[in-house]
Structures are given as C-alpha cells and as structure tokens.
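This report goes through a structure shown below, beginning with the pairing of its strands. Confidence, annotated spans and the ligand follow.

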Amino acid sequence: MSTNARKLRVGIVGGGFMGQVHGRAALVSGATVAGAVGSSPGRAEAAAEATGAERGFATLDELLASDIDVVHVCTPNNTHREVTLKALEAGKHVVCEKPLATSVADATGLTAAAQEAGLVGAVPFVYRYHPMVRELRTRIAAGDAGTITSLHGSYLQDWLAGADDQNWRVDDTTGGPSRTFADIGSHWCDLTEFVTGDRIAAISAQLRTVRAQRGGVDVHTEDLATAQFRTEAGVVGTIVVSQVAAGRKNRLYLEVSGTESSFGFDQEDPDRLWVGRRDASQLLTRDPETLSPPAARVNRLPAGHAQGYQDAFDSFVADSYAAVLGDRPDGLPDFAAGARSARVVDAVLRSAAADSAWITVDNSVD
Ligand code: SOE
C-alpha cells in the first residue's frame with residue numbers, strides 16, 4: 001500500500017463501533033486522528049477515547065473549523081447527507097459510512113458535490129480489500145472462469161434475531177427505508193459487481209419483517225430480503241440477506257460459477273478462495289509469493305498470519321488517504337459507488353413494493 005507523503009489530519013464523527021474501526025484504520029495509515037465528535041456535546045471526550053482521537057469537539061462545526069484534511073462520517077444513516085455536505089463545504093475530503101445516503105437523489109447529490117468541489121469522497125465497501133477478493137477479480141478479468149454462468153450467495157447475520165434486539169438501523173427515520181438490504185445486501189452487490197466487472201441490470205425482490213415489533217415498537221424496515229437478478233452481460237443470480245439468521249454472525253458468501261472455473265469467497269474465512277474445476281478443485285490460501293500483483297498490493301501480512309476485517313478496512317482507508325494525496329488507487333469505492341449502491345437498493349425496494357415485479361436498475365450513470 002502507498003505510504004503517505006504528508007501526515008494527514010483527520011476527524012471522526014461518531015464514536016460507535018464503526019467510528020472505532022475508522023479510528024484504528026486512520027492511525028494504522030499514519031494519519032493524526034486530531035478530533036472526534038460524539039452524539040452530543042457531552043459525549044465528545046468519550047468519542048475521542050473510543051476512536052483514539054487527540055481530543056473531543058463538542059460540535060461538528062468546531063471540528064470542521066479545525067485544521068483537519070479528512071472527515072470520517074460514522075453517524076446514523078439519516079445524518080450522512082447533512083454531515084457530508086457540511087464537510088465538503090468546509091473543504092474537507094470525506095470518508096462516509098454506507099449507505100452514503102438514504103435516497104438515490106441524496107446519494108447522487110453528494111457525489112456531484114464532491115466532484116464539483118474537487119474533493120475525495122470514499123465509501124467503505126471494504127470487502128473489496130481482501131487480497132483473495134482482488135485475486136478473484138484478477139482471475140475473472142483474465143478469463144479464468146470461461147463464460148460466467150451464474151452468481152449466487154448470501155449475507156447472513158443474527159445480531160437482530162431476538163424479539164427485542166434494537167439498534168438505530170431498525171428505525172426507518174434514522175436508518176432509512178431499507179435496513180438489511182442497504183446495510184449488508186449493498187456489500188454483496190458491490191462485491192459482485194466489483195469482481196465480475198458486470199453490473200446488475202434488473203432485479204426482483206421480496207422483503208420480510210420477521211419481528212413486526214421490537215420492544216413494543218412497530219418495525220418498518222426489513223429483517224431479510226431475497227432477490228433474483230440479471231446482469232448487463234445476461235448472467236443470472238440470486239441472493240439471500242438476513243439479520244435474523246441464528247448462528248451466522250457476518251457471513252458474506254459469494255459464488256461465481258463459470259464454464260471453466262468457479263470461485264467461492266467467504267468473508268468469515270477471507271484468507272482463502274475456492275477455485276472449482278471439473279478435474280481438480282483447489283482451496284487457494286493467501287500467500288504473497290503466489291498472489292497476483294493487484295492482490296499483493298492489498299496484502300498486509302506474510303503467509304500464515306491471518307488477515308481479516310480490520311486489515312481490509314486499513315487498506316481501504318490507506319487508499320482513501322492516497323487519493324486525498326493525489327493518487328488514483330485501483331478499486332477505491334468512491335461516492336459514485338455509494339450512489340450506484342443507492343440505485344440498486346432503490347430497485348429492491350420498488351420491486352418488493354410491487355409484488356416482486358422486475359425493476360430495471362438505472363445504469364445510465366457510472
Ligand atoms: C452491521 O450490520 C454491520 O456493522 C454493517 O454496517 C457493516 O457494513 C458490516 O461490515 C458488518 O455489519
């Protein structure tokens with residue numbers, strides 16, 4: 001990964017789980033985490049402690065008035081637009097948690113705002129940064145799959161399986177109109193499009209809310225979704241995403257089937273890539289000696305030293321900072337990727353609302 005020519009100063013907005021992940025990645029990337037903002041002025045110091053920041057700022061405005069280069073937006077989804085716009089207006093580059101915004105119009109608007117301001121906007125579709133994902137992408141680009149015949153997989157979690165499990169993501173006023181698909185289905189779709197270089201063209205989806213109430217409060221967001229889709233190249237696929245699948249913690253699985261080779265990637269076993277062939281299938285392990293150059297570029301540790309989620313996040317943040325410093329790192333998920341994801345999520349919602357009608361995804365924009 002590229003090293004910073006200059007020490008960037010960054011601020012983190014939000015001190016929850018994701019704020020902490022961003023803070024660690026910023027420190028690993030050599031940046032100074034100059035400040036953090038919490039959910040209220042009284043939470044400023046707690047946010048600073050949680051994210052490893054030098055100090056807490058009572059308000060976003062105070063953070064933006066300081067000499068930071070980059071803002072990490074790790075707040076509930078309904079605030080992404082406002083916080084990101086303010087940061088861009090203050091001339092700061094932005095790393096904004098996904099979903100970039102809760103509507104296509106807002107996500108598109110933020111993409112345009114970053115472009116017009118000449119500032120970097122990055123969205124952490126971090127599974128792109130597992131070396132074995134880059135290996136898969138390289139092999140597909142080289143034609144190793146032959147003709148891709150189908151795409152399938154799932155993204156399953158169980159942290160909202162309980163009747164009273166709660167989180168701000170459950171509430172559509174803070175999380176947005178889609179929960180499970182926008183939160184994790186978005187990762188799966190981004191990853192699939194990233195490794196295949198092919199885009200989802202049309203989708204037919206079903207949503208289910210298994211827990212109609214949580215803690216006595218009505219739930220308006222989906223606990224799970226299933227979808228079938230076809231791509232621009234005419235490949236067919238299916239996906240199941242759920243946050244109520246007991247026993248599955250954060251299991252994203254993607255299988256690409258081809259006439260020559262098939263590939264299977266499991267986010268909970270990210271140092272391996274299954275390569276299926278009719279005669280001799282293989283389980284490739286992450287070994288920098290044998291990785292293709294694009295995969296080796298995001299490799300962090302020697303063979304046999306397990307790499308995982310935080311490492312992928314560290315590589316993503318390192319690339320975001322490299323972009324801030326003028327590089328064009330290959331495969332950095334930018335705001336356009338966030339807006340693209342919003343269009344896919346929107347198609348899922350519209351399909352489900354129309355009894356699983358096929359909805360065309362707007363692919364007229366990049
Ligand atoms: C919660 O569902 C969550 O933290 C997501 O928001 C992340 O994007 C995913 O990587 C893990 O799960």
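Val-10 stands opposite Val-33 in β2. The strands concerned are β1 (residues 9–13) and β2 (residues 32–37), which run parallel and are joined by 5 bridges. Helices and strands here are DSSP runs (H or I of at least four residues for helices, E of at least two for strands), numbered from the N terminus. Two strands count as paired if DSSP finds at least two bridges between them.

This is a predicted model, in which local features need pLDDT of at least 70 and side-chain atom pairs count only at pLDDT 80 or more, while totals for chains, interfaces and linings use all residues. Residues are numbered from 1 along each chain as its sequence is written.

The sheet that holds Val-10 is open and has 6 strands in the order β3-β2-β1-β4-β5-β6, with parallel pairing. Because β3 (56–57) and β6 (121–122) each have a single partner strand, they stand at the edges, and one side of each is left without a neighbour in the sheet. Helix α10 (residues 309–324) packs on this sheet and touches β4 (70–73), β5 (93–96) and β6. The direction of α10 makes about 160° with that of β5. Contact means that C-beta atoms, placed from the backbone, lie within 7 Å; axes are lines fitted to C-alpha atoms, for helices over the stretch in contact, and angles run from 0 to 180 degrees between N-to-C directions.

A further open sheet has 9 strands in the order β16-β15-β14-β13-β7-β12-β11-β8-β17, and its pairing is mixed. Its edges are β16 (282–285) and β17 (359–360), each with a single partner strand, so one side of each lacks a neighbour in the sheet. Within it, 7 bridges join β7 (residues 148–156) to β12 (residues 236–242), and these two run parallel. Leu-151 stands opposite Gly-237 in β12.

Two spans carry domain annotations in unreviewed UniProt entries; positions follow the numbering used here, feature names are shortened, and annotations may be inferred rather than shown by experiment.

| UniProt domain annotation | Residues | Helix | Strand | End C-alpha distance |
|---|---|---|---|---|
| Gfo/Idh/MocA-like oxidoreductase N-terminal | 8–120 | 44% | 19% | 13 Å |
| GFO/IDH/MocA-like oxidoreductase | 133–262 | 23% | 35% | 14 Å |

The residues around the ligand are Gln-157, Asp-183, Ile-184, His-187 and Asn-250 (C-beta atom, placed from the backbone, within 6 Å). By class, this shell has 1 nonpolar, 3 polar and 1 charged residues. Ala, Val, Leu, Ile, Met, Phe, Trp, Tyr, Cys and Pro count as nonpolar, Asp, Glu, Lys and Arg as charged, and the others, Gly among them, as polar.

Two backbone details lie in loops. Most residues other than glycine have a negative phi, and most peptide bonds are trans. The bond from Lys-98 to Pro-99 is cis, with omega near -5°, and Pro-99 is found in the loop between β5 and α5 (104–117). Asp-355, which is not a glycine, has a positive phi of about 55°; Asp-355 lies in the loop between α11 (335–353) and β17.

Mean pLDDT, the predictor's confidence in each residue from 0 to 100, is 97 for the protein, and 99% of its residues reach 70 or more. Over residues 1–5 the pLDDT is below 50, and this stretch has 13 contacts in the model beyond near neighbours in sequence. Where pLDDT is low, the predicted coordinates should not be read in detail. The model scores ipTM 0.93 and pTM 0.97.

Key. Two residues are in contact if their C-beta atoms, placed from the backbone, lie within 7 Å.
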